[in-house]
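The following exercises invite the reader to examine a structure step by step. Each task is followed by a worked solution.

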Amino acid sequence: MLQEIAFSAREAMAVGTSFYLGALFFGVVMILLRKPYPRAIMFAVLAAGFTCQTLGLNLRGAEIKGCPLGNIFEISQFIVWSLVLLYFIIGPAFRLRLLGLFTAGLAGLLSSIALLIPAWDGSYPAGIFGGNPWIELHAALAIFSYGIFAIVALVSAMFLIQQRGLKKKQFKGVYQHLPSVQQLDIMAKRLLITGVLVLSAALLFGAVFWINHPERVPVFKLSVTCLVWAGYLAVMVLRLQQRLVTRHHALASIALFIFALASLWPVQSARETDPLDEPAALLAPE
Amino acid sequence: MSEVLQSLFVLGSTHHEAPLEVRERMAITPAIAAALRQELNELEGVRECLVVNTCNRLEVYGLANSKNIETIVRDQLCTHSGVSRALLDAHSFWHTNLDVLQHALEVSTGLDSQMIGETDILGQMKNAYADARAAQCTGVVLNRLFEKSFQAAKSARTQTRITRGQVSIGNVAVDLASRIFGHLRDSRVLLLGSGDVAEKTAQSLKSRGVADITVASRTFENSHALAHRLGGAAIELSDFSAQLKRFDIVISSTTAPNMLIERAMIASAIKQRPDRPFFLIDVALPRDIDPTADSLENVYLYNLDDLSAIANENLELRKAEIEQARTILKGHAWNLWLQLRRRTIMAEH
């Protein structure tokens, strides 16, 4: 049935991205006009974008007959999809004001960049996961943890904005709509723990493959993956010990997410140039 | 008597002329204010005298025959407040005659207040007048001036909407606390001093869900009475530093001449609760809390100027009303001026 749909996976994802950017634009305009923040409308527009993106990922999955995580474009789209999915879970449950706006911003930005760089959507052989469902689960979980870390970075950015407003004694504008610093700090802590647990589980599944086929996992990818994981683990432990709190915790979370994102490109390039590496790619930090 | 009207004066230093650091140096206690008024009134050439002393305002109203009265009053004020003459001259104003009337009317109405349109100033003016009258320091002119200014304030308030949208310090504090803590149910509040502003701020926080309020002031009876009104507990002022880490919000409004909460004290408290924010509200003058504490991580310190600036953010919306109130007061001031002159002429004949 998916094959009968008249547009391509990229087009569906582009429409989804337009919805995200539309939500961002609408939210910013409402704040600039000092109108009440349209939480329900933001939710609806993001839901429309999410639906299109889900369709796009499904179409791509049907094309490659597997989980669409074979190139940077797909990985970026999957991270964005995870981020928006998490917003739908966290937003209504914890009523974090403006989270929708920030989610729309990051989702729109990441997705747009992925769409605008055609080289990121290079072709790759079908069945790169080697038909191993554990490797697919590893890859999906790892990317989902990146979605969690993306939302940690968003919450941290919101924290820094609110804290700056309070320190600079600014009262009006976006500050009024943001959640409290304490709420944001607690939320960032909980999400960080969740993200570390999910990434650890992903690595555990991947480790089973790596132990059995160590020659098929490039050292560079494994090192970067472990570095990202160790970074987040260290931040989590320091946070739980109350040695890395509030602003420093927020800055560390944002810096780590930027590092994790930036590491995708070299890791993916390494996979493309590595003749040994097919299924094993997936141990990379996706 | 026409000479008398020629020498109606007011010397003042308010938030318009002096920043917080200067105001806290000029701040005087009620006892010193009373002594200043008495000494000025006993000077030869000074016929009437009244001192208005609030956290943002120190004003000396008077009626004098002496030609060099400005120098005399400035010197007296320096002697009592302990500031240099140069500092006072740089941060004060001197009005005479009709300007005094207009100024007194605007002050009573709250137009000259740091939080424009606030009503507390009227009560403070009434108290200052009652004290001066009881001490027999006022006469025909100041009695007439102050009684008329209270009437004019009432009239301007009822004819305009200058108080509409007025945000109190309590409301600002509650909004800030919400931006720091979210809901306030679990926040613990410490009140240092039993001042009026602190009490109102605590009431506002209580109305938004704060359940745990502790009061500490120099007089335990006062602490106990205020704690009883707020449904909280009282502790000795000497005990608060050891318990500082227990609290999330501290509202300080003591009349202590020196700082009560040093930066090191706050740093030590925050070290024991690094992931919980500390909201400090300093409405005292001189300030009770070391201003450098604001740079500490997770500490949010707001003083009178900060809170007033936030409260006045919606001033643009009330600008037209404020102008209208000012025009009404100009009419009252002119009428009062004519009345006083008429009395002068009649007295001369």
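The exercises below treat a residue of chain A and a sheet of chain B. The model is predicted, with local features requiring pLDDT of at least 70 and side-chain atom pairs pLDDT 80 or more, while totals for chains, interfaces and linings use all residues. Residues are numbered from 1 along each chain as its sequence is written, and chains are lettered from A and ligands numbered from 1 in the order in which they are written.

**Exercise 1.** Determine whether G16(A) is buried or exposed.

*Solution.* Begin with its place: G16(A) belongs to helix α1 (residues 9-32) of chain A; helices are DSSP runs of H or I with at least four residues, and strands are runs of E with at least two, numbered from the N terminus. Next, count neighbours: 29 other C-beta atoms lie within 10 Å of G16(A), so the residue is buried (20 or more is buried, 12 or fewer exposed, in between partly exposed, with C-beta atoms placed from the backbone).

**Exercise 2.** State the order of the four strands in the open sheet of chain B, and identify its edges.

*Solution.* The order is β2-β3-β1-β4, with antiparallel pairing (strands pair if DSSP finds at least two bridges between them). β2 (46-54) and β4 (93-96) of chain B each have a single partner strand, so they stand at the edges. Strand β1 (residues 8-14) of chain B joins β4(B) through four bridges; in β4(B), F93(B) is the bridge partner of G12(B).
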